[in-house]
Amino acid sequence: MGRPSFRHGAAAVAIGIGLAVTIPVSPLAQGHRRGGSEDVPIFIVPTRAPAAARPASPPDLPREALALVSATLQLQTTRGASGAAVVQTVTRTADRVHVETGAGRELLYMRNPTDVRRVSAMLTDHTARTTVVYDESDLRRVLGIRGWLDVLTLGFDPGRFAELRPVSGTRRAFDLPFEHLEGPGSADGVLEAWWHQGELLPLEVVRRRPESDAPVVVTVVQRSLAVDRQRLALPTTRFPDYRQLDFADWLEGLHER
Amino acid sequence: MTTPSRSVALVVAAALLAGSPLSAGRDDRPGRPALDYKGRRAKNVIFFVGDGMGVSTITATRVYSVGVAGNLVVDQFPHTALSRTYGADAITPDSAPTMTAMMSGVNTNAGVLGLDETTEPLDFNHDGDGRAPWTLLEEAKASGMKVGVISTARITHATPAATYAHINNRDNENAIALQALPGDPTFNDRLGDGIDLLIGGGRQFFVPSTVTDEEGGTGSRSDGRDLRREFQSAGYSYVWNTAGFNALNRASLPVLGLFERGHMEYEYDRPTDSGSEPSLTDMTVKAIELLDGASRKSRKSGGYFLMVESGRIDHAHHEGNAFRALTDTEELDEAIGAAAHMVDLRDTLIIVSADHSHVFNIAGYPLRPKSELPYQVTSNDPGFEAPAGNGILDVVYDLTSGGAVAAAGDRNGVPYTVLGYLNGPGYRGGPRTDPRTDAFPGRGGVVPNGPSHPAYFQESAVPMGSETHAGEEVAIYAVGPGAALVHGTVKNTHIYQVMKAALGLGE
Ligand SMILES: [Zn+2]
């Protein structure tokens, strides 16, 4: 079934594929359509192809998310058995997450104050002395972040962990027990995980990306309750002389030089 | 039909301009029309701009939306021309000089809005700015017409700003917002009592950097001013979501609508917006209702000028994502159809054009979908049973010598997509793989299930973080009084002259 055109209401006419109708005269146009002798083109409303399914709303937050303990985490990512490990420092609180991404860049994710499921971010590029603002839909489109929950859980969807089965062998770290989960591989490629629901924290996640045979292992190697509040301040306050751009305008300018 | 003389009002308006803060280096009064036009006068003009909507974008959208032989609304416009888009300093331009050209009839330099070609971006030669030509919106306002500006980008972004602002740096959007605020010392007083309707994205430049806005975003104004309040003090109705938008009526004018902190959502992503926001069609319909109603009520009955920009076709292309470029172009076509349906085309000129093109191509010799072929094929690849996007968002399916349909290959036999970019983020590096099983992560790191997936990056030949504009001509489409002036190959400044002649401004 084709999509009826002119979605704004009264003029919408449901018609089948390949058909077309002449546009009905609206009350506004009728009011000054006098005489009728004018040679005015009559536009045909096209029947358009069905629209693709739209993106889903951000995921709801579990109650643990609102009372999260602030912590500084060292996150190690290893690609393949011989792959070099990349270590990042993540400062995580209930409403802000800061990631030291290396290469002179840092990212601050901010929970939306009016709708806690939502998130925006600022990327600071110290080499370019620029702060790039990612709105919620930029994050979804560009980084695959659906909402605040995905940021809190370090990019892993707890719903995907539910597709794995619990196996014995709880691991303890940072005085916390992490449940061992395993499975044939969820939709986002997770094969194995150690997960603490109360802290919304994965200790280790093993996943395989379709573009590579080598598994990617993400491990939290350190957790400290000391938090550097400075990192959680807005980059616009920390680096007031940096240029600030929206993501789309950053792209617009990338070709300038 | 007669159109009230606009010349008297213009003289009065010009006299009022003496001593204005912007008067240095600007024209005292608009120039005379360059075109000799004796035909029926337009009472109203609606100017639609698809930012980055080159001809290949329109063709691809047509195939996607209504099939290769179908007709978009713009395809039915009776008058067309080719528009040359070069800037005063560039073969391939950005939106600032091109919209200045289309709105003021004056070609200028990259990044410069509403100032002539003796103006460098940020005045890097320190020799002062050049002259500030009148924009069509200013001339319309000075002649007693109602004026409106709509954009799915920030309302202070280059394209909408070129209708009402004069500045040597398109990025100074805090200053651009003030040029639209009646009563501000830097207010552009050619706008009289102000723009009657200003709706789109870009709330950040109306909100202090220390303040959280209605949708939880932060402002970007370092001067601490809350222009939402200041516009309200100047008599504007301010709305920020669909509830407020839906409640607008003629009595609400003048209206400031800011539906997003930054740019508004792509049409595809719009349903997930937090405050909910109107579509481009919704905004166009509402603007025509309000401006038409108000211009009839006014004793001068001067008609209206409305500029409508689909601002994010350009952004989707820069992202190397054809899907959103096509869905936003489709929505623009919807808005154009809604406008053509609402107005009386005997007194309203509608012009549609683009500011520039993109390096976006329709490649190979793709067959039309199986159901449209004039012959039976002997066999076909299963994917050809229902090629995505009527064949445009898929790989190239071609006919082999035996009458079978198969995915056409590159010189190594690897299939390729119909749509692609010369440059941009879709550069794969390494050997090519079949786009239908290509694991190259798309938008959001999502591995798309083929080239019709909303996250898919079309391939590009040159690795760049952002795909670029392109320098070829774009199309102009016109219907209504004065539309016959749109023909041939013209400079984009011609659009200004056509609108001006059709309205009889400056005579
Ligand atoms: Zn652009």
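These are my notebook entries on strands, salt bridges and domains in a predicted model.

**Entry 1: strands in chain B**

I began with β13(B), residues 404–407. I found β11(B), residues 379–380, pairing with β13(B) in the parallel sense over two bridges. Looking up the partner of N380(B) in β13(B), I got V405(B).

Then I turned to β12(B), residues 397–399, which pairs with β13(B) in the antiparallel sense, this time over three bridges. For Y397(B), I noted A407(B) standing opposite in β13(B). I also checked the hairpin that β12(B) and β13(B) make: four residues lie between the strands. In that hairpin, G403(B) takes a positive phi near 85°.

**Entry 2: salt bridges**

I pulled the total for all chains, and it came to 55 salt bridges. I then went through a few of them one at a time.

I looked at D246(A) with R261(B), where the closest N and O atoms are 3.2 Å apart. This pair crosses between chains: D246(A) sits in strand β14 (residues 243–246) of chain A, while R261(B) is in the chain B loop between β6 (255–258) and α9 (280–297). Buried or exposed, I asked myself, for D246(A) and R261(B)? Both D246(A) and R261(B) come out buried.

My next pick was D269(B) with R324(B), a salt bridge at 2.7 Å, N to O. I see this one linking distant parts of the chain, with the two positions 55 residues apart in numbering: D269(B) is in the loop between β6 and α9 of chain B, and R324(B) is in helix α11 (residues 322–342) of chain B. D269(B) and R324(B) are both buried.

What else are D269(B) and R324(B) linked to? I traced a network of salt bridges that takes in D269(B) and R324(B) together with D60(A), D115(A), R117(A), R118(A), E136(A) and R140(A).

I also pulled up R436(B) and D434(B), a salt bridge with its closest N and O atoms 2.8 Å apart. Why does R436(B) count as partly exposed? R436(B) gets that label because its relative accessibility is 27%, and the partly exposed class runs from 20% to 50%. D434(B) has a relative accessible area of 18%, so D434(B) counts as buried, the limit being under 20%.

**Entry 3: the two domains of chain B**

I took the domain assignment for chain B, which gives domain 1 as 44–360 + 469–503 and domain 2 as 366–416 + 426–463. Over C-alpha atoms, I have the centres of domain 1 and domain 2 of chain B separated by 36 Å.

How many residues of each domain are in contact? I got 15 residues from domain 1 of chain B and 13 from domain 2 of chain B. The area buried between these two domains is about 1,100 Å², with carbon and sulfur atoms giving 58% of that. On the domain 1 side, I noted V63(B), E319(B) and F323(B), which supply 34% of the area that domain 1 buries against domain 2, more than any other three residues.

I then checked which elements of domain 1 of chain B touch domain 2 of chain B: α2 (55–66) and α11 of chain B each supply at least two residues there. That brings me back to α11, the helix that holds R324(B).

Last, I looked for polar links across the two domains of chain B. Salt bridges between domain 1 and domain 2 of chain B number zero. For polar contacts between these domains, I have seven residue pairs, both residues at pLDDT 80 or more.

Key. Residues numbered from 1 in each chain as written. Chains lettered and ligands numbered in written order. Predicted model: local features only at pLDDT ≥ 70, side-chain atom pairs only at ≥ 80, totals over all residues. Heavy atoms only, no water. Pairing = 2+ DSSP bridges. Salt bridge = Lys/Arg side-chain N within 4 Å of Asp/Glu carboxyl O. Buried < 20%, exposed > 50% of the residue type's maximum accessible area, 1.4 Å probe, protein only. Domains from an automatic or database assignment. Contact = heavy atoms within 4.5 Å. Buried area = accessible area lost by both parts, 1.4 Å probe. Polar contact = N/O pair within 3.5 Å; in protein donor to acceptor, adjacent residues only side chain to side chain.
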